[in-house]
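Work through the exercises below with the predicted model open beside you. Each one sets a task and then solves it step by step.

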Amino acid sequence: MKIDLFITCLNDALFPQTGLAMARLLRRLGHTVRFNEAQTCCGQMHFNTGYQAEALPLIRKFVQDFQDAEVIVAPSGSCVAFVRDLYPKAAEWAGDEALLAQVRELGKRTFELSEFLVNVLGIEDVGASYPHRVTYHPTCHAARLLRVGDAPLRLLRNVRGLSLVELPASDQCCGFGGTFSVKNPETSTAMLADKVQNVMGTRAEVCTAGDNSCLMHIGGGLSRLQSGTGVVHLAEILASVESGNTDVLDTARVSAEGLV
Amino acid sequence: MSAGGIRPSQPFPDAARETLQDAQMRRNLRHATTTIREKRLQAVAELPYWEDLRTQGAAIKDVVLDNLAEHLLTLEASVKRLGGHVHWAQNAEEAQRLVADLVAAHGVSEVIKVKSISTDEIELNAALEARGIHATETDLAELIVQLAEDRPSHILVPAIHKNRAEIRELFRRKLGAQLLTDDPKVLAEAARVYLREKFLATKVAISGANFAIADTGTVCIVESEGNGRMCLTLPEVLISVMGIEKVLPTWPDIAPFMQLLPRSSTAERMNPYTSFWSGVTPGDGPQEFHLILLDNGRTDVLADAVGRETLRCIRCSACLNVCPVYERTGGHAYGSVYPGPIGAILTPQLLQLDDANANSLPWASSLCGACYDACPVKINIPEILIYLRGQITPHKTPNVESIAMKTAAWIFNESYRFEGAIKLARTGQGPLVQHGAVRALPGMLGGWTSSRNLPPFPPQSFRELWRKEEQREQ
């Protein structure tokens, strides 16, 4: 399958290793991967914060950048949910019928990584190896807007050497919420405190999720507390293989450059 | 004073900063919401057709909203036909005056009340007090809030923020009750003794309404304690204040709500007391009945194609109990008798998006979506929150945030600008990075680093790395 990578602005700027891991994984599964460099941001931050007039050009740009894509896959449940769930609303509220038709069609071709692997490709074992104690946080938008269900857990259960520990109260929001974390920092912190406590209680080495925005939040709290538990995006776990990795995109080299 | 109104006295982030510091309240709230959250899930799981019920409930409410005026006129005609009186109140002041005039006409200075959020919305108790009329709340939790001169913090459980020990102390002080323990039974008995006298001695009762059926002229109150039924049957005069969106077209329309409401609110299969009354019946119950139809901003909400869905709300409070923000901040932070997710969309809309403090409420959410999943009438609260943010933002004066957002949008509009911005940020972040993390950010962003580290910009962005890989490939 020809897959267009939707790297999302946050991943592009702050977490390039996640995008590389996703590309490597999809190639390993035999697919052709393309990255259209014209892409920037889906407009979620603007739209959700109230800057809808500013978001509309970004939405139109996204439609244009991905118009030729067969399928679009992103390492972010939130940004995919935005495209699939709220692009139609944005078009409706702007009264743009042509855009509405375009985004409805686009939404059908846009997937979050875990749902793409499990629900579209029908793969639960991607041949990964990751010998660590891991806990999984289901991010709100992937769980409640995309309904990815247990797709990420199925993938994790098939990773060699990985010991999966259940996260208590996992369905509770971590308190990130985009600009919510900056506009209501005290409330966001109160939510984060409970999430971090639950993560630490699992004694996992790594907390994973399908969204680097939530992981940036949870990881930021874990790091401030010097907890010793790290955060790693699901794509990076799924891309990991036993040593002797000869893939083109080598995360080990990326790590050496100081990214991880 | 349990009258609270809907005008917040400060913006949500400021109010939340205060309530978050009340550790006792946070413990009380966490305990209460966690318990009821689990119970609700069980109650809902018992009905395999729950999703169909939700769809049905939402559809009935939409039918009502599409022809609200027509259903209200039918209701008015039915109530009058059965010997009741109907009054229309455009705003809180009109409703207050109507009630106070009716009470004064009977020459009494005491009234008893059934728990009612619509009367809290219009700050009825305070208005009556100003006219020399004292209203006694008869719902146990409302009574607690009233005696404590506090504000309700939850739609269904107004005293959710108080624990047993605090209530025991309050009853000792205000009711002079000799309480040996803080056993709920003992506390309830003390309230019962106090209230029984009121039920038997008071001539005028005031209630709200959960539903009203247009074609039969029937008004309905759903409750748990039986105090409501006492108020609805014992006094000579009954005055009910009802938000205009509470009307239902026909008798069968109420059926799904009798399942949706108790399971969503108290996680019960059926609530203990459901009272229906149609006009007046000689020799049975109040001999004079007044129904006040309250607008107070509702027709403005109705006029908005997106926001009108808010008026489907049946005040079950399921959204409060699942909301992670409500769980931490408590109801008082919302500054309105409508707290939690529903309050965050209802309060600013009832105020026509004209109140700066209320206009901070749509941002009091992480958009996690738990409220939408829990809502028995499928109000898409997260979507309405976002919609309202979009309605409010353009009317604000330019500030640091709006300049930053507009600049960001300009950068995102061209990929070369985006790449340039990343490079610039990477160069500029130097002094902020300590031991591999950003620990303190300036200005508005400082809210983030108050409790969290931030990863620094890496040496290369995804697009830079990708370009190198592609070149190596060729």
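**Exercise 1.** Decide whether Glu383(B) is buried or exposed, and then find which side chain Glu383(B) meets in a salt bridge.

*Solution.* Begin with the accessibility of Glu383(B), which is 9% in relative terms, and since buried means under 20%, Glu383(B) counts as buried. Next, look for the partner: the side chain of Glu383(B) meets that of Lys89(A) in a salt bridge, with 3.4 Å from N to O. Then place the two residues: Lys89(A) belongs to helix 5 of chain A and Glu383(B) to helix 18 (residues 381-392) of chain B, so the pair joins two chains. Finally, consider Lys89(A) itself, which has a relative accessible area of 22% and is therefore partly exposed.

**Exercise 2.** Asp194(A) forms a salt bridge with Arg328(B); determine where the two residues lie and whether they are buried or exposed.

*Solution.* The closest N and O atoms of Asp194(A) and Arg328(B) are 2.5 Å apart. Tracing the pair through the secondary structure shows that it crosses between chains, going from helix 11 (residues 185-201) of chain A, which holds Asp194(A), to helix 15 (residues 324-329) of chain B, which holds Arg328(B). As for their surroundings, both Asp194(A) and Arg328(B) are buried.

**Exercise 3.** Find how many residues separate Asp62(B) from Arg312(B) along the chain, and compare how accessible each of them is.

*Solution.* First confirm the link, which is a salt bridge whose closest N and O atoms are 2.9 Å apart. The pair connects distant parts of the chain, 250 residues apart, with Asp62(B) in helix 3 (residues 50-66) of chain B and Arg312(B) in the loop between helix 13 (298-303) and helix 14 (318-322) of chain B. Asp62(B) is partly exposed, at a relative accessible area of 26%, whereas Arg312(B), at 9% relative accessibility, counts as buried. To set this pair in context, note that the structure holds 41 salt bridges over all chains, and that salt bridges also link Glu37(A), Glu419(B), Lys423(B) and Arg467(B) in a network.

**Exercise 4.** Classify the geometry of two aromatic pairs, that of Phe35(A) with Trp466(B) and that of Phe47(A) with Trp93(A).

*Solution.* Over all chains, the count of aromatic pairs comes to 19. In the pair of Phe35(A) and Trp466(B), the ring centres are 6.1 Å apart and the planes stand at 65°, so the arrangement is edge-to-face. This pair crosses between chains, from Phe35(A) in the loop between strand 2 (32-34) and helix 3 (44-49) of chain A to Trp466(B) in helix 22 (residues 462-473) of chain B. Both Phe35(A) and Trp466(B) are buried.

Phe47(A) and Trp93(A), by contrast, form a stacked pair, with 5.8 Å from centre to centre and 15° between the planes. Here distant parts of the chain are linked, for Phe47(A) in helix 3 of chain A and Trp93(A) in helix 5 (residues 77-93) of chain A are 46 residues apart. Phe47(A) is buried, with a relative accessible area of 2%, while Trp93(A) is partly exposed, with a relative accessible area of 22%. As a last step, follow the ring pairs outward, and they link a cluster whose members include Phe47(A), Trp93(A), Phe62(A), Tyr87(A) and Tyr387(B).

**Exercise 5.** Explain why helix 7 (residues 113-120) of chain A is described as largely enclosed by the rest of the structure.

*Solution.* The reasoning rests on a count, since six of the eight residues of this helix are buried, and it is therefore largely enclosed. The buried residues in helix 7 of chain A are Leu113(A), Ser114(A), Glu115(A), Phe116(A), Leu117(A) and Val118(A). Just after this helix, Gly122(A) takes a positive phi of about 70°.

**Exercise 6.** Identify which residues form a nonpolar surface patch with Met444(B), and state where Met444(B) is found.

*Solution.* The patch is formed by Met444(B) together with Val400(B) and Leu445(B), which have about 280 Å² of accessible area together. Met444(B) is found in the loop between strand 12 (437-438) and helix 21 (446-449) of chain B. With a relative accessible area of 40%, Met444(B) is partly exposed.

Terms used:
Residues are numbered from 1 along each chain as its sequence is written. Chains are lettered from A and ligands numbered from 1 in the order in which they are written. This is a predicted model: local features need pLDDT of at least 70, side-chain atom pairs count only at pLDDT 80 or more; totals for chains, interfaces and linings use all residues. Side-chain values use heavy atoms; hydrogens and water are left out. Patches are made of residues with over 30% relative accessible area and no salt bridge: like charges are joined within 9 Å, nonpolar side chains (Val, Leu, Ile, Met, Phe, Trp, Tyr) within 5 Å. Accessible areas come from the Shrake-Rupley method with a 1.4 Å probe; for residues, only the protein chains shown count as cover. A salt bridge is a side-chain nitrogen of Lys or Arg within 4 Å of a carboxyl oxygen of Asp or Glu. Helices (H or I, at least four residues) and strands (E, at least two) are DSSP runs, numbered from the N terminus. Buried means under 20% relative accessible area, exposed over 50%, partly exposed in between (1.4 Å probe, protein chains only). Rings of Phe, Tyr and Trp (its six-membered ring) pair if their centres lie within 6.5 Å; planes under 30 degrees apart count as stacked, over 60 as edge-to-face and the rest as tilted.
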